[in-house]
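The following account leads the reader through one protein structure, moving from single positions to packed elements. Please keep the sequence and the three-dimensional view at hand while reading.

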Amino acid sequence: MKRNIITALAVGLSLCAMAQTQVTEFNPGIAANGVNYMLPKTVLRVDASAVKVVYTPGEFARYADRYLHISGVVAEPATTWTITALSVSQEGVPDTSKVYTVKLKDKTVAPMVQLTPSGILVAVNTHTDIQESVLPEMRSTNHKMDARQYLTEDILSATSTAKMAELTAQEILDIRESKNAIKRGQVESMPKDGASLKIVLDELNRQEEALTQLFIGYSDTTFTAKSFTIIPDEDMEEHVFLRFSRKLGFVDADDLAGDPYYLSVKDKHTVVLPDTKEAAKRKIEGLVYNMPSMADVTISTMQSTLYKQELPFAQFGTIDMLSPTLFNKGATTKLTFYPATGGLQHLEQ
């Protein structure tokens, strides 16, 4: 959800009329002389970073042990996915059951009301910066080298793959011998200076690496990330919000090809909720904001717990009102609210 900021500065917008705050519940279809704002519902966002490794075997993979004494070389292509990190954050979306109107009155102070593009109240008489969560860009690496350019005429004219592998292995060993001779100063035409020596050795290293790829193959990697958003309206117990396959990567939550990642959310009831009668009697007598309740959030797999933290949620709490006297005429009260929960962040008088 984009979090660009909208600042609404209405001439005559007042949080004090007759020295009292004038806030009412929003009435759809009725033109209100004021500015409407909403309180948020808390969204849980999980960003999962993953890496995809694609292995391509070398043309001479089955001869790696015989000619280069490299054991364990895999002769079949393979793709492997791994989740490398999970990042948990919170965002706010408008709660359509919590819409209010700040009325406009004459001869009153006009405060600045800062709203998000979706209409959530985040500040009064001041400005607050909202951080936007951005997923890392997908990027890939390419490790394939052009080994063919280093194959000698004898290698290219060989009549069998086994013979080509044998001659290529000998070429690799010759390159290694040449590098050792240069480092020991045992060649007739030594490079004249350090820079020239580095150029020669770098080129020999490239040749060796490219030819060795014909035996051990190479791996290309792709780094990617995916975001999952969940709005818990009640306690959740081991909700499968993500499935991940070592071969396929991210799959649908109902695709059994992937291993499940579980989300559990348990309200701790840190805020006392009004009963039905109290809620019915409640009058809007000031600026309305959220009092979120804390909840335990756990992310786990079948093997282990990956994340456990206590976080606030607007929908588990209730609403409260700021005293109207905070906005008496001449007052300089400044307020900021948490955009993810609607809770009071800072009050300055």
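**From an exposed loop to a packed helix pair**

V134 has a relative accessible area of 63%, and it is therefore classed as exposed, the cut-off being over 50%. The model in which this value was computed is a predicted one. V134 belongs to the loop that runs between strand 6 and strand 7. Its C-alpha atom is separated by 9.4 Å from that of D47, although the two residues are 87 residues apart along the chain.

The loop that holds V134 also holds N125. More precisely, this loop connects strand 6 (121-124) with strand 7 (139-140). N125 has a relative accessibility of 24% and so counts as partly exposed. Its backbone deserves attention: N125 is not a glycine, yet its phi is positive, at about 65°. As background, most residues other than glycine have a negative phi. E238 is another non-glycine residue with a positive phi, in this case about 50°. E238 is found in strand 9 (residues 236-245), and because its relative accessibility is 45%, E238 counts as partly exposed.

The wider setting may now be described. The protein comprises five helices and 15 strands. It has 349 residues, of which 41% count as buried. Among the contacts between residues at least 6 apart in sequence, 76% join residues at least 24 apart.

Two strand residues illustrate the two sides of the burial scale. Is K266, in strand 11, buried or exposed? K266 lies in strand 11 (residues 259-267), and its relative accessibility of 53% is why K266 counts as exposed. Leaving aside residues up to four places away in sequence, K266 touches D235, A295 and D296. The C-alpha atom of K266 is also separated by 6.5 Å from that of M236, and these two residues are 30 residues apart along the chain. S300, by contrast, is placed in strand 12 (residues 288-300). With a relative accessibility of 10%, S300 falls under the 20% limit and therefore counts as buried. With residues up to four places away in sequence again set aside, the contacts of S300 are P260, Y261, Y262, T305 and L306.

Attention now turns to the helices, beginning with helix 3. At 1.5 Å a residue, the 24 residues of helix 3 should span 34 Å, and the 35 Å between its end C-alpha atoms therefore agrees with expectation. The buried residues of helix 3 are M164, A165, T168, A169, I172, I175, K179, A181 and I182. These buried residues are covered by elements that include helix 1, helix 2 (153-156) and helix 4. After helix 3 comes G185, which has a positive phi near 70°.

Helix 4 (residues 194-216) contains 23 residues. From its first C-alpha to its last it reaches 32 Å, close to the 33 Å expected at 1.5 Å a residue. At the N-terminal end, D193 acts as a cap: one of its side-chain oxygens lies 3.2 Å from the backbone nitrogen of A195. Beyond the other end, helix 4 is followed by G217, whose phi is positive and near 75°. Within helix 4, the buried residues are L201, L204, Q207, E208, A210, L211, T212, Q213, L214 and F215. They pack against helix 1 (64-68), helix 3 (161-184) and strand 8 (218-230).

How, then, are helix 3 and helix 4 arranged at their packing angle? In general, two packed helices are described by the angle between their axes and the distance between the axes. For helix 3 and helix 4, the angle is about 155° and the axes are 10 Å apart. This angle makes helix 3 roughly antiparallel to helix 4, because angles over 145 degrees count as such. The crossing of the two helices is left-handed.

The residues at this contact can be followed on each side. Helix 3 contributes A165, T168, A169, E171, I172, I175, R176, S178, K179, I182 and K183. They meet L197, V200, L201, L204, N205, Q207, E208, L211, T212, L214 and F215 of helix 4. Several names recur from the lists of buried residues: A165, T168 and I172 are among those buried in helix 3, and L201, L204 and L211 are among those buried in helix 4.

Terms used. Residues numbered from 1 in each chain as written. Predicted model: local features only at pLDDT ≥ 70, side-chain atom pairs only at ≥ 80, totals over all residues. Heavy atoms only, no water. Helix = DSSP H or I, 4+ residues; strand = E, 2+ residues; numbered from the N terminus. Expected span 1.5 Å × (residues − 1). Buried < 20%, exposed > 50% of the residue type's maximum accessible area, 1.4 Å probe, protein only. Contact = heavy atoms within 4.5 Å. Polar contact = N/O pair within 3.5 Å; in protein donor to acceptor, adjacent residues only side chain to side chain. Axes fitted to C-alpha atoms, helices over the stretch in contact; angles between N-to-C directions. Parallel < 35°, antiparallel > 145°, perpendicular 65-115°, else oblique. Left-handed = near helix turned anticlockwise from the far one by under 90°.
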